[in-house]
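User: Could you take me through the largest pocket in this model, please? I would like to know what lines it.

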Amino acid sequence: MALILVRYGEVAIKRSGTRSLMERLLMHHILSGLRSISIDARVTRSQGRLFVEVPDDKIKDSIDVISRVFGVRSLSPVKAYEFKELNDIVNATVKEWSELIRGRRFAVRVHRVGSHNFNSMDVAKAIGAALKPFSAGVDLKSPNIELFIEIRNDKAYLFTEVINGPGGLPLGSEGKLLALISGGFDSPVAAWFMMRRGSYVNALFCSLAYPIDVINFLRVSHALFSRWSIGYDPRLFIIDCSSLISEFRAKANPHIWSVLFKRILYEIASKIAKSIGALGLVTGESLGQVSSQTLHNLMAIEHGIDLPVYRPLIGLDKDDIMNYARRIGTYEESMRTEEFCAIFSEKPRTKVTVDELNNELRKLDQGLINNLVSGAVVLRVSSAKKVINELMMSTSDVEINHVPENAVVIDLRSRSEYETWHYPGAINASVDKLVSTVESLGRDRLYVLYCSKGLSSRWGALELRRLGFKAFSIDINRLRRLL
């Protein structure tokens with residue numbers, strides 16, 4: 001068996017009862033994560049440390065899992081030696097490291113717990129003197145290699161690696177939350193931050209372009225939760241919000257659609273959060289990043305919501321957020337995601353008042369929010385991959401890799417993007433005017449749609465097919481290559 005020493009930071013300074021609870025949670029999540037990849041392990045506690053025993057041939061996989069468990073500050077694969085006197089430790093280090101340091105400058109770092117007739121400096125000096133003949137010398141400032149010894153009572157643990165963990169608190173130590181997650185960069189990072197602070201996080205997604213945006217949401221959610229929610233299988237709530245598009249267009253002021261949509265999301269999330277015992281909502285809002293995230297608009301959106309709204313990214317800029325997305329592993333999936341702009345105005349208001357927003361809400365069908373909540377589809381993260389594959393199969397024939405002769409090509413991007421570059425002969429149309437544009441051109445034509453990242457064009461092609469048109473989507477980069 002191989003041995004891994006696990007360090008935890010904040011947990012160690014809690015009062016005894018809280019600390020014991022968090023240590024047990026930490027041990028549970030480590031074992032649960034290892035069991036999920038079929039590794040049998042044993043975890044023991046020892047004065048601010050955990051020791052995990054795993055099979056020798058599973059050491060790398062075990063380190064990968066443990067380094068993603070919230071509450072773990074760092075970890076090291078170690079060799080354990082029992083000793084009776086200092087010379088026993090020195091002999092163990094010579095046996096373990098004499099070849100490793102040959103021709104290299106080294107430094108010895110010692111940490112000691114317990115009662116001994118020597119101190120940490122005594123240990124470092126004795127080991128340094130014993131190993132120096134095998135090396136290129138001792139260098140405490142910029143060594144080629146660092147040698148670590150942790151002495152705990154009658155055992156010495158030798159290691160050369162310190163692998164960082166995420167830190168924070170163990171999942172579940174701070175209750176349950178519901179995160180509003182899209183397929184973009186911000187909201188998954190916000191959910192990760194609250195998980196890092198010990199909360200079980202579930203997710204809510206409002207779909208405007210089913211099934212394409214649902215596929216994107218599930219991909220991002222799977223990338224986040226399957227990697228970081230070790231020991232907990234979150235629930236994913238998916239709501240078909242496409243009815244909001246026609247409702248907004250018929251009744252609401254277009255200059256505040258974005259703010260109105262956010263308010264409805266908060267209302268929906270609040271009802272679902274209460275149904276699962278969640279103690280608050282999590283959003284990816286960063287102050288001033290977009291029009292709906294100004295101080296005025298955030299106040300209007302949150303007014304009347306009777307659950308706390310947590311915004312862990314509120315003071316971060318976009319570069320900060322994207323760097324975190326890279327770190328946690330959601331960046332690549334978020335890069336594939338395009339915002340569906342059917343209910344977002346080109347001239348949004350940045351200072352919507354509470355009264356204005358409430359007046360717009362009163363214009364809408366008063367049973368709308370309850371109807372949306374009652375239609376929620378719920379699945380676990382563990383089943384997300386299966387659902388993604390099923391949805392991908394159902395849309396697999398919508399993609400095309402060429403432009404058929406006599407096809408009508410429609411560019412669904414903004415006018416400015418269209419004027420910068422477009423496929424020769426392509427017609428520029430917004431998503432909300434796609435159907436009327438195509439109807440004016442005739443049902444006997446074949447339509448090929450493209451957009452920035454594929455969401456709008458794939459959804460548009462599926463929507464046209466539902467209405468009886470012959471339509472396909474093509475990737476904009478493929479179009480460029482075809483030219």
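Analyst: Happy to help, and a word on contacts will be handy later: two residues touch when they have heavy atoms within 4.5 Å. This is a predicted model, where local features need pLDDT of at least 70, side-chain atom pairs count only at pLDDT 80 or more, and totals for chains, interfaces and linings use all residues. Residues are numbered from 1 along each chain as its sequence is written, and side-chain values use heavy atoms, without hydrogens and water.

Now the pocket. On a 1 Å grid over the protein atoms alone, a pocket is an open set of points where a 1.4 Å probe fits, with protein on both sides within 12 Å along at least five of seven lines; lining residues have an atom within 4 Å of a point. The largest pocket holds about 1100 Å³ of space, the volume being that filled by probe spheres set on the points, with grid points joined across faces, edges and corners. Its lining has 39 residues, and Ser182, Gly184, Lys262, Glu339 and Phe344 are the closest to the centre. Two or more lining residues come from each of helix 5 (186-196), strand 11 (200-207), helix 6 (212-228) and helix 8 (257-275). Helix 8 gives the most, five residues. Helices (H or I, at least four residues) and strands (E, at least two) are DSSP runs, numbered from the N terminus.

For a contact example elsewhere, look at Thr93 in helix 3 (residues 86-97). Leaving aside residues up to four places away in sequence, Thr93 touches Ser98, Ile127, Leu131, Ile149 and Leu158.
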